[in-house]
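Work through the exercises below with the model open. Try each task before reading its solution.

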Amino acid sequence: MLNVAVFASGRGSNARAILKNIDRQRIKARISIILSNKSDAGIFDIARQRNIPYRHIDLSHYTCEKDYVGDVLSILDGHNVGLIVLAGYLKKIPSEIISQYRNRIMNIHPALLPAFGGKGMYGMNVHRAVVEYGVKITGATVHFVDEEYDHGPIILQEAIRVHDDDTPESLSEKVLAVEHDIYSRAIKLFADRRLEIDGRRVYVQNSKGQ
Ligand code: GRF
(Lines give C-alpha, C1' and ligand atoms only; values in the text may rest on other atoms or scores of the structure.)
Protein backbone atom coordinates (compact mmCIF):
# COMPACT_ATOMS: atom_id res chain seq x y z
CA MET A 1 0.00 0.00 0.00
CA LEU A 2 1.36 3.42 -0.98
CA ASN A 3 2.03 5.71 1.99
CA VAL A 4 1.33 9.34 1.16
CA ALA A 5 2.56 12.41 3.05
CA VAL A 6 0.45 15.54 2.58
CA PHE A 7 2.12 18.94 3.00
CA ALA A 8 -0.34 21.82 3.31
CA SER A 9 -0.47 25.35 4.64
CA GLY A 10 -4.19 26.07 4.57
CA ARG A 11 -7.71 24.74 4.75
CA GLY A 12 -6.96 21.43 3.09
CA SER A 13 -9.90 20.99 0.73
CA ASN A 14 -7.70 19.07 -1.72
CA ALA A 15 -6.59 16.75 1.08
CA ARG A 16 -10.24 16.20 2.01
CA ALA A 17 -11.11 15.31 -1.59
CA ILE A 18 -8.20 12.86 -1.75
CA LEU A 19 -9.25 11.24 1.55
CA LYS A 20 -12.77 10.82 0.18
CA ASN A 21 -11.43 8.92 -2.80
CA ILE A 22 -9.23 6.79 -0.55
CA ASP A 23 -12.32 5.98 1.58
CA ARG A 24 -14.20 4.96 -1.54
CA GLN A 25 -11.21 2.77 -2.41
CA ARG A 26 -10.75 4.60 -5.69
CA ILE A 27 -7.15 5.26 -4.65
CA LYS A 28 -5.17 2.41 -3.17
CA ALA A 29 -3.10 4.44 -0.73
CA ARG A 30 -3.18 5.81 2.77
CA ILE A 31 -2.33 9.27 4.04
CA SER A 32 0.17 8.33 6.70
CA ILE A 33 1.40 11.78 7.77
CA ILE A 34 0.30 15.39 7.37
CA LEU A 35 2.85 18.19 7.66
CA SER A 36 2.23 21.90 7.83
CA ASN A 37 4.35 24.99 8.36
CA LYS A 38 1.33 26.63 10.05
CA SER A 39 0.32 25.52 13.55
CA ASP A 40 -3.31 26.55 12.97
CA ALA A 41 -3.72 25.11 9.46
CA GLY A 42 -7.23 23.81 8.77
CA ILE A 43 -5.66 20.61 7.56
CA PHE A 44 -4.78 19.73 11.18
CA ASP A 45 -8.51 19.56 12.01
CA ILE A 46 -8.83 16.94 9.30
CA ALA A 47 -5.85 15.05 10.75
CA ARG A 48 -7.38 15.09 14.24
CA GLN A 49 -10.83 14.03 13.00
CA ARG A 50 -9.31 11.13 11.08
CA ASN A 51 -6.59 10.14 13.53
CA ILE A 52 -3.88 10.80 10.97
CA PRO A 53 -0.48 11.62 12.48
CA TYR A 54 0.45 15.26 11.89
CA ARG A 55 3.41 17.52 12.52
CA HIS A 56 3.88 21.26 12.59
CA ILE A 57 7.31 21.81 11.13
CA ASP A 58 8.70 25.16 10.10
CA LEU A 59 12.13 26.11 8.82
CA SER A 60 12.05 29.36 10.84
CA HIS A 61 12.22 27.31 14.07
CA TYR A 62 15.62 25.94 13.08
CA THR A 63 19.01 27.59 13.20
CA CYS A 64 20.09 25.85 10.01
CA GLU A 65 18.32 24.35 7.02
CA LYS A 66 20.30 21.14 7.30
CA ASP A 67 18.63 20.25 10.64
CA TYR A 68 15.21 21.09 9.23
CA VAL A 69 15.82 18.91 6.18
CA GLY A 70 17.10 16.12 8.44
CA ASP A 71 13.93 16.23 10.53
CA VAL A 72 11.61 16.28 7.52
CA LEU A 73 13.46 13.36 5.93
CA SER A 74 13.37 11.33 9.12
CA ILE A 75 9.62 11.93 9.50
CA LEU A 76 9.09 10.80 5.90
CA ASP A 77 11.32 7.82 6.42
CA GLY A 78 9.58 6.90 9.68
CA HIS A 79 6.27 6.71 7.82
CA ASN A 80 7.78 4.89 4.88
CA VAL A 81 6.47 7.56 2.53
CA GLY A 82 6.35 6.71 -1.18
CA LEU A 83 4.66 9.89 -2.42
CA ILE A 84 4.58 13.48 -1.15
CA VAL A 85 1.50 15.45 -2.10
CA LEU A 86 1.71 19.25 -1.85
CA ALA A 87 -1.80 20.58 -1.34
CA GLY A 88 -1.69 24.33 -0.93
CA TYR A 89 1.78 24.21 0.59
CA LEU A 90 3.31 27.65 0.40
CA LYS A 91 6.93 26.91 1.26
CA LYS A 92 9.68 25.89 -1.11
CA ILE A 93 10.80 22.28 -0.73
CA PRO A 94 14.56 22.15 -0.08
CA SER A 95 16.53 20.66 -2.97
CA GLU A 96 17.86 17.79 -0.87
CA ILE A 97 14.31 16.58 -0.25
CA ILE A 98 13.48 17.01 -3.95
CA SER A 99 16.47 14.94 -5.00
CA GLN A 100 15.69 12.17 -2.50
CA TYR A 101 12.06 12.08 -3.65
CA ARG A 102 12.67 12.79 -7.35
CA ASN A 103 9.42 12.25 -9.30
CA ARG A 104 7.72 11.29 -6.06
CA ILE A 105 6.52 14.78 -5.08
CA MET A 106 3.36 16.14 -6.70
CA ASN A 107 1.93 19.65 -6.65
CA ILE A 108 -1.33 21.11 -7.86
CA HIS A 109 -1.41 24.54 -9.44
CA PRO A 110 -4.64 26.47 -10.09
CA ALA A 111 -3.82 27.43 -13.70
CA LEU A 112 -2.62 25.85 -16.92
CA LEU A 113 1.16 25.77 -16.53
CA PRO A 114 3.50 27.10 -17.76
CA ALA A 115 1.16 30.11 -17.79
CA PHE A 116 0.50 31.94 -14.54
CA GLY A 117 3.07 30.03 -12.51
CA GLY A 118 6.28 30.84 -10.67
CA LYS A 119 7.19 32.64 -7.49
CA GLY A 120 4.33 34.60 -5.94
CA MET A 121 1.78 32.91 -8.17
CA TYR A 122 -0.46 31.15 -5.68
CA GLY A 123 -4.05 31.32 -4.52
CA MET A 124 -6.04 34.35 -5.62
CA ASN A 125 -2.95 35.97 -7.18
CA VAL A 126 -3.23 33.39 -9.94
CA HIS A 127 -6.93 33.95 -10.63
CA ARG A 128 -6.52 37.74 -10.55
CA ALA A 129 -3.69 37.50 -13.09
CA VAL A 130 -5.82 35.22 -15.29
CA VAL A 131 -8.75 37.69 -15.31
CA GLU A 132 -6.48 40.71 -15.84
CA TYR A 133 -4.67 39.07 -18.76
CA GLY A 134 -7.96 38.25 -20.42
CA VAL A 135 -7.25 34.63 -21.33
CA LYS A 136 -10.26 32.62 -22.48
CA ILE A 137 -9.32 29.35 -20.80
CA THR A 138 -7.74 28.49 -17.50
CA GLY A 139 -7.72 25.32 -15.43
CA ALA A 140 -5.57 23.24 -13.12
CA THR A 141 -2.29 21.37 -13.46
CA VAL A 142 -0.86 18.47 -11.47
CA HIS A 143 2.89 18.16 -11.89
CA PHE A 144 5.93 16.59 -10.32
CA VAL A 145 8.03 18.98 -8.31
CA ASP A 146 11.55 19.92 -9.34
CA GLU A 147 13.92 22.62 -8.12
CA GLU A 148 12.03 25.46 -9.86
CA TYR A 149 8.61 26.76 -8.84
CA ASP A 150 5.73 25.25 -10.85
CA HIS A 151 8.15 23.75 -13.35
CA GLY A 152 8.40 19.95 -13.06
CA PRO A 153 6.94 17.38 -15.50
CA ILE A 154 3.20 17.76 -16.03
CA ILE A 155 1.03 14.78 -15.11
CA LEU A 156 -2.53 15.99 -15.78
CA GLN A 157 -4.22 19.21 -16.82
CA GLU A 158 -7.82 20.16 -17.23
CA ALA A 159 -9.15 23.33 -18.79
CA ILE A 160 -12.21 25.42 -18.09
CA ARG A 161 -13.60 28.37 -20.04
CA VAL A 162 -13.26 31.90 -18.68
CA HIS A 163 -16.56 33.71 -19.21
CA ASP A 164 -16.94 37.47 -19.61
CA ASP A 165 -18.58 37.78 -16.20
CA ASP A 166 -16.05 35.61 -14.36
CA THR A 167 -14.20 37.17 -11.45
CA PRO A 168 -11.11 35.89 -9.63
CA GLU A 169 -13.50 34.56 -6.96
CA SER A 170 -15.80 32.73 -9.38
CA LEU A 171 -12.80 31.24 -11.17
CA SER A 172 -11.22 30.10 -7.94
CA GLU A 173 -14.38 28.15 -7.09
CA LYS A 174 -14.62 26.54 -10.51
CA VAL A 175 -10.92 25.70 -10.69
CA LEU A 176 -10.99 24.23 -7.17
CA ALA A 177 -13.65 21.74 -8.25
CA VAL A 178 -11.36 20.69 -11.12
CA GLU A 179 -8.39 20.42 -8.72
CA HIS A 180 -10.34 18.08 -6.46
CA ASP A 181 -10.98 15.80 -9.41
CA ILE A 182 -7.59 15.76 -11.16
CA TYR A 183 -5.44 15.54 -8.03
CA SER A 184 -7.08 12.28 -7.02
CA ARG A 185 -6.81 10.98 -10.58
CA ALA A 186 -3.09 11.73 -10.67
CA ILE A 187 -2.49 10.06 -7.30
CA LYS A 188 -4.47 7.04 -8.42
CA LEU A 189 -2.33 6.74 -11.57
CA PHE A 190 0.80 6.95 -9.43
CA ALA A 191 -0.50 4.40 -6.90
CA ASP A 192 -1.41 2.06 -9.74
CA ARG A 193 2.13 2.53 -11.16
CA ARG A 194 0.76 3.81 -14.44
CA LEU A 195 2.96 6.90 -14.75
CA GLU A 196 6.10 6.64 -16.82
CA ILE A 197 8.43 9.62 -16.80
CA ASP A 198 10.86 10.41 -19.57
CA GLY A 199 12.48 13.82 -19.08
CA ARG A 200 9.67 16.36 -19.08
CA ARG A 201 7.15 13.93 -20.57
CA VAL A 202 4.86 11.90 -18.32
CA TYR A 203 3.16 9.04 -20.11
CA VAL A 204 0.06 7.35 -18.75
CA GLN A 205 0.15 3.63 -19.38
CA ASN A 206 -3.08 1.80 -19.87
CA SER A 207 -4.19 -0.38 -16.99
CA LYS A 208 -2.66 -3.48 -18.55
CA GLY A 209 0.75 -1.82 -18.24
CA GLN A 210 1.36 -1.35 -21.99
C1 GRF B 1 -5.42 25.31 -4.21
O2 GRF B 1 -6.01 26.27 -5.03
C3 GRF B 1 -4.14 24.83 -4.84
O4 GRF B 1 -4.15 24.86 -6.23
C5 GRF B 1 -3.14 25.79 -4.35
O6 GRF B 1 -3.56 26.12 -3.04
C7 GRF B 1 -4.95 25.88 -2.89
C8 GRF B 1 -5.12 24.93 -1.75
O9 GRF B 1 -6.41 24.76 -1.35
N10 GRF B 1 -1.81 25.27 -4.52
P11 GRF B 1 -6.78 23.69 -0.25
O12 GRF B 1 -5.95 24.04 1.02
O13 GRF B 1 -6.47 22.33 -0.74
O14 GRF B 1 -8.23 23.91 0.01
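The exercises cover the ligand site and the domains.

The model is predicted: local features need pLDDT of at least 70, side-chain atom pairs count only at pLDDT 80 or more, and totals for chains, interfaces and linings use all residues. Residues are numbered from 1 along each chain as its sequence is written, and side-chain values use heavy atoms, with hydrogens and water left out.

**Exercise 1. List the residues around the ligand and sort them by class.**

Step 1. Take residues with a heavy atom within 4 Å of the ligand. These are R11, G12, S13, N14, G88, I108, P110 and E179.
Step 2. Sort them, with Gly counted as polar. The shell has two nonpolar, four polar and two charged residues.

**Exercise 2. Find polar contacts to oxygen atoms of the ligand.**

Step 1. Look for pairs of N or O atoms within 3.5 Å.
Step 2. Check the side chains. An N or O atom of R11 is 2.6 Å from a ligand oxygen. For S13, a polar side-chain atom lies at 2.5 Å from one.
Step 3. Check the backbone. N14 places an N or O atom 2.8 Å from a ligand oxygen. The protein buries 88% of the 370 Å² that the ligand exposes when taken alone (Shrake-Rupley method, 1.4 Å probe).

**Exercise 3. Relate the ligand to the domains.**

Step 1. Assign the domains: domain 1 is 1–101 and domain 2 is 107–210.
Step 2. Place their C-alpha centres, which lie 20 Å apart. The contact (heavy atoms within 4.5 Å) takes 19 residues from domain 1 and 17 residues from domain 2.
Step 3. Return to the shell. Each domain supplies at least three of its residues.

Key:
Polar contact = N/O pair within 3.5 Å; in protein donor to acceptor, adjacent residues only side chain to side chain. Domains from an automatic or database assignment.
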